[in-house]
Amino acid sequence: MRRILAALALSFAVAVQAETLQERLGYAPGAKLLIVHADDLGMAQTINAASFAALETGLVNSASIMIPCPWLPEVVDYAKKNPRADLGLHLTLTSEWTSLRWGPLLSRAQVPTLFDRDGYLYLTESEAAKVIDARQAEAEIRAQIARARALGIVPTHLDSHMGTLYQTKELFQALMRVAREEKIPARVSRAHLQNPFIAGTLRPGDIVIDHIISIGSDVPASEWSKWYTEAIRNMKPGVTEVIVHLAYDTPEMRGAAVNHPHWGSEWRQRDFDYFTSDDFRTLLRENNIRLITWRDLARLIND
């Protein structure tokens, strides 16, 4: 079975390499294209405020929304006022903060395996993937997409909060089945092709971006700007997405992320400061990096 999946991965890679993604978008083979993507809209007001401010600069040019979260109405209002904003859905099957929790849209009777003992989504992606039924997860992500559409949001892309939908073959198949039916690109990169069940699920028509940049918890605060700057300077030709987490370092964010420094309040302020800076704007210009959006990629499957 592994040999079959490896062969599928190889044939898929060959098919993709026949024409680069940047060429399909109308750029030269050597073009360096970047999506600067903010996760977690709707989780907290400070996340919304920082993300909206960053989107206004044009330097952060994409974001995704957590539909089950408490500050969704503010995001809906922003989306209505900014219909060209590149807003996708951060499909949500986990609830990781101990002091700020949420549950699925569907009821316990409909999706019992998605609920932990306290009535919320599970805290971690690994715990969730062990216990949730993929059919129930699919029902929930369909409900989140339907809720977004009912509120007037037209999602440009799909991704998975904490990567839960990439944890098992069944969950990833559910993600791709929904993405294809809805004709919305899902976040998949070439690095994912190293996973046999992901490679085996993908089809030649699926969008696969080239690279993802995401800072890790091993990077000290003093090295934050240096790490991002080197990552951007070392970008290869193709489509890269840098995933950022934005918020102002406020009592609200500190309370939400209590005892959870990774992706917490100070982390998000550092991300905001870097990606809205003149230094970042200059770095893009000096390295001839063009910003694109998921809306651009979606045209490849909807034209």
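Where in the structure is the place of Tyr166? In this predicted model, Tyr166 is found in the loop that runs between β4 (158-160) and α7 (169-182). With a relative accessibility of 11%, which is under the 20% limit for a buried residue, Tyr166 counts as buried. Leaving aside neighbours within four places in sequence, the contacts of Tyr166 are with Ser160, Phe172, Leu175, Arg187, His192, Phe197 and Ile198. Glu138, 28 residues from Tyr166 along the chain, has its C-alpha atom 13 Å from that of Tyr166.

The confidence of the prediction bears on how the remainder may be read. The protein chain has a mean pLDDT of 94, and 94% of its residues reach 70 or more. Over residues 12-16, however, pLDDT stays under 50, and the model has eight contacts beyond four places in sequence for this segment. Where pLDDT is low, the predicted coordinates should not be read in detail.

The loop between β4 and α7 also contains Met162, which has a positive phi of about 65° although it is not a glycine. Met162 counts as partly exposed, because its relative accessibility is 28% and the partly exposed class lies between 20% and 50%. A positive phi of about 60° is likewise found at Asn259, again not a glycine, and Asn259 lies in the loop between α10 and α11. Asn259 has a relative accessibility of 75% and therefore counts as exposed. Most residues other than glycine have a negative phi.

Ahead of β4 in the chain, the loop between α6 and β4 holds His157, which is buried, with a relative accessible area of 0%. Beyond four places in sequence, His157 is in contact with His37, Ser62, Ala63, Ser64, Asp86, Leu87, Gly88, Leu89, Ile184, Pro185 and Trp294. Ser225, by contrast, is 68 residues from His157 in sequence and 28 Å from it in space, C-alpha to C-alpha.

Helix α6 itself comprises 17 residues (residues 134-150), which at 1.5 Å a residue should span 24 Å, and its end C-alpha atoms are 24 Å apart, in agreement with that expectation. The buried residues of α6 are Ala134, Gln136, Ala137, Glu138, Glu140, Ile141, Ala143, Gln144, Ile145 and Ala148, and what covers them includes β3 (87-91), β4 and α7. An α-helix has 3.6 residues a turn, so residues three or four places apart point the same way.

A second helix can be described in the same terms. For the 13 residues of helix α3 (residues 45-57), a span of 18 Å is expected at 1.5 Å a residue, and the end C-alpha atoms are 19 Å apart, which agrees. Within α3, Thr46, Ile47, Asn48, Ala50, Ser51, Phe52, Ala54 and Leu55 are buried, and the elements that cover these residues include β1 (32-41), β2 (62-65), α4 (72-81), α10 (251-256) and α11 (265-275). Gly58, whose phi is positive, near 80°, follows α3.

In soluble globular proteins, nonpolar side chains tend to be buried together. The largest nonpolar core of the present model has 87 residues, and the residues with the most contacts inside it are Met43 and Phe280. Not counting residues up to four places away in sequence, Phe280 touches Leu34, Val36, Leu59, Ile232, Tyr274 and Phe275. Apart from this core lies another, of eleven residues, among them Leu25, Ala31, Val239 and Trp294.

A search of the whole structure for aromatic pairs finds twelve. In one of them, the ring centres of Tyr228 and Phe275 are 4.6 Å apart and the ring planes stand at 75°, so the pair is edge-to-face. This pair links distant parts of the chain, since Tyr228 belongs to helix α9 (residues 224-233) and Phe275 to helix α11, 47 residues apart. Both Tyr228 and Phe275 are buried. Phe275 also forms an edge-to-face pair with Phe280, at 4.9 Å centre to centre and with 75° between the planes, and Phe280, like Phe275, is buried. Ring pairs link Trp224, Trp227, Tyr228, Trp263, Trp267, Tyr274, Phe275 and Phe280 into a cluster. Over the face of Trp224 lies Arg270, at 4.0 Å from the ring centre.

Definitions and conventions. Residues numbered from 1 in each chain as written. Heavy atoms only, no water. pLDDT = per-residue confidence, 0-100. Contact = heavy atoms within 4.5 Å. Core = buried A, V, L, I, M, F, W, Y, C linked by side-chain atoms within 4.5 Å. Buried < 20%, exposed > 50% of the residue type's maximum accessible area, 1.4 Å probe, protein only. Helix = DSSP H or I, 4+ residues; strand = E, 2+ residues; numbered from the N terminus. Expected span 1.5 Å × (residues − 1). Phe/Tyr/Trp six-rings, centres within 6.5 Å; stacked < 30°, edge-to-face > 60°. Lys NZ or Arg CZ within 6 Å of the ring centre and 35° of its normal.
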